[in-house]
Amino acid sequence: MVTPGGLVVLTDRRSAAGSLVEVIRQAVRGGAAWVILRERDLRYAERVALAGELRSVVPPERLIISGPDPLGGNAVHLAGADPLPSGVALTGRSWHGSEDLSEVDFVTVSPVYPTVSKPGYGPALGVTGAAELRPPVPWLALGGVDTPARAAECAAGGAAGIAVMGAVMRSPDPERTARELATAFKSAAGHHRCLPAAETAVLSSPESRAGAHRCLPAAETAVLSSRGGLG
């Protein structure tokens, strides 16, 4: 199953610098690989219509709906209290270290950094704090990832992707902002590889033997490959 990674853009029509659909169109051109439709305050029919418009500009099967109703699609992202829907191919959940992840395919971990979109939300975990939660599924770094440097830090810390709202929504040039964030994340991710527990058994460090995922720089993964430790 393909789970979200790279640049994932969350919608916020109220802070968007232009038409929400146009902002998303530009973000996708700039490298946004997935989009999460929020806007949970809209009437149902309005939200369904908006989902349809967004599906026309987002890559196929890459629109995720916030909440348990996929609005005619096959992917959802749940808040902590949302019920787990049936018959959905891809399920994500907001995770703070204790929520049940049964039948969940990915999580968002937040806030990684202080965030302008939610002042006072926190405290910020930092990349190290987010990684130390050790999500058992791929995780997206959410909250305050608004610069290429922060995007790169998240990649180096083991995040599968970055979930970004305000930096893209408020940008006067969403395509450029998306490209800068997506490129920084991809470049940094290319220099690290996160190993599952089975592969970290070949490592000598205590934290690796403990079974946690570990992100290694390219030089170290090359050494492991030469020893037959990586597939």
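Pro 111 is placed in the loop between β6 and α3 (126–132), where helices (H or I, at least four residues) and strands (E, at least two) are DSSP runs numbered from the N terminus. A cis peptide bond with an omega of about -10 degrees joins Ser 110 to Pro 111. This is a predicted model, in which local features need pLDDT of at least 70 and side-chain atom pairs count only at pLDDT 80 or more, while totals for chains, interfaces and linings use all residues. Residues are numbered from 1 along each chain as its sequence is written, and side-chain values use heavy atoms, with hydrogens and water left out.

Two further loop residues have a backbone feature in common, as the table shows.

| Residue | Phi | Loop |
|---|---|---|
| Glu 39 | positive, about 50 degrees | between β2 and α2 |
| Arg 134 | positive, near 55 degrees | between α3 and β7 |

Neither Glu 39 nor Arg 134 is a glycine. Glu 39 is also buried, with a relative accessible area of 3%; buried means under 20% relative accessible area, exposed over 50% and partly exposed in between, with a 1.4 Å probe and protein chains only.

**The barrel**

Eight strands close into a barrel in the order β1-β2-β3-β4-β5-β6-β7-β8, and their pairing is parallel; two strands pair if DSSP finds at least two bridges between them. Neighbouring strands of this sheet are turned against each other by 25 degrees on average, direction ignored; here axes are lines fitted to C-alpha atoms, for helices over the stretch in contact, and angles run from 0 to 180 degrees between N-to-C directions. Helix α2 packs on the sheet, where it touches β2 and β3 (63–66), and the direction of α2 makes about 160 degrees with that of β3. Contact, in this report, means heavy atoms within 4.5 Å.

Where the barrel closes, β1 and strand β8 (residues 161–164) pair in the parallel sense over four bridges, with Val 8 standing opposite Ala 163 in β8. Helix α6 lies across β1 and β8, and runs at about 155 degrees to β8.

Strand β6 (residues 106–109), which precedes the loop of Pro 111, has Phe 106 and Thr 108 pointing one way and Val 107 and Val 109 the other way, and all of them are buried. On one side, strand β5 (residues 90–95) pairs with β6 in the parallel sense over four bridges, whereas three bridges join β6 to strand β7 (residues 139–142), again running parallel. Thr 108 takes part in both pairings, being the bridge partner of Ser 94 and standing opposite Leu 140 in β7.

**Helix α1 and its surroundings**

Eight of the 11 residues of helix α1 (residues 20–30) are buried, so this helix is largely enclosed by the rest of the structure. The buried residues, among them Leu 20, Val 21, Ile 24 and Gln 26, pack against β1 (6–10), β2 (34–37), α2 (44–55), α5 (166–169) and α6 (174–189). Just after α1, Gly 31 takes a positive phi of about 125 degrees.

The axes of α1 and α6 come within 7 Å and cross at roughly 35 degrees. The contact between them is made by Val 23, Gln 26, Ala 27, Arg 29 and Gly 30 of α1 and by Pro 174, Glu 175, Ala 178, Arg 179 and Ala 182 of α6.

Ile 24 is also one of the residues that touch the most other members of the largest nonpolar core, which has 60 residues, together with Cys 154, Ile 162 and Met 169; a nonpolar core is a set of buried Ala, Val, Leu, Ile, Met, Phe, Trp, Tyr and Cys residues joined through side-chain atoms within 4.5 Å. Leaving aside neighbours within four places in sequence, Ile 24 is in contact with Val 9, Thr 11, Val 35, Leu 54, Val 57, Val 58 and Met 169.

Further along the chain, Ala 188 lies in helix α6 and is buried, with a relative accessible area of 13%. Beyond its neighbours within four places in sequence, Ala 188 is in contact with Ala 152 and Ala 155.

**Confidence**

The mean pLDDT of the protein is 86, and 81% of its residues reach 70 or more; pLDDT is the predictor's confidence in each residue, from 0 to 100. Over residues 195–214 the pLDDT stays under 50, and the model has 33 contacts beyond four places in sequence for this stretch. Residues 218–231 likewise have pLDDT below 50, with 20 contacts in the model beyond near neighbours in sequence.
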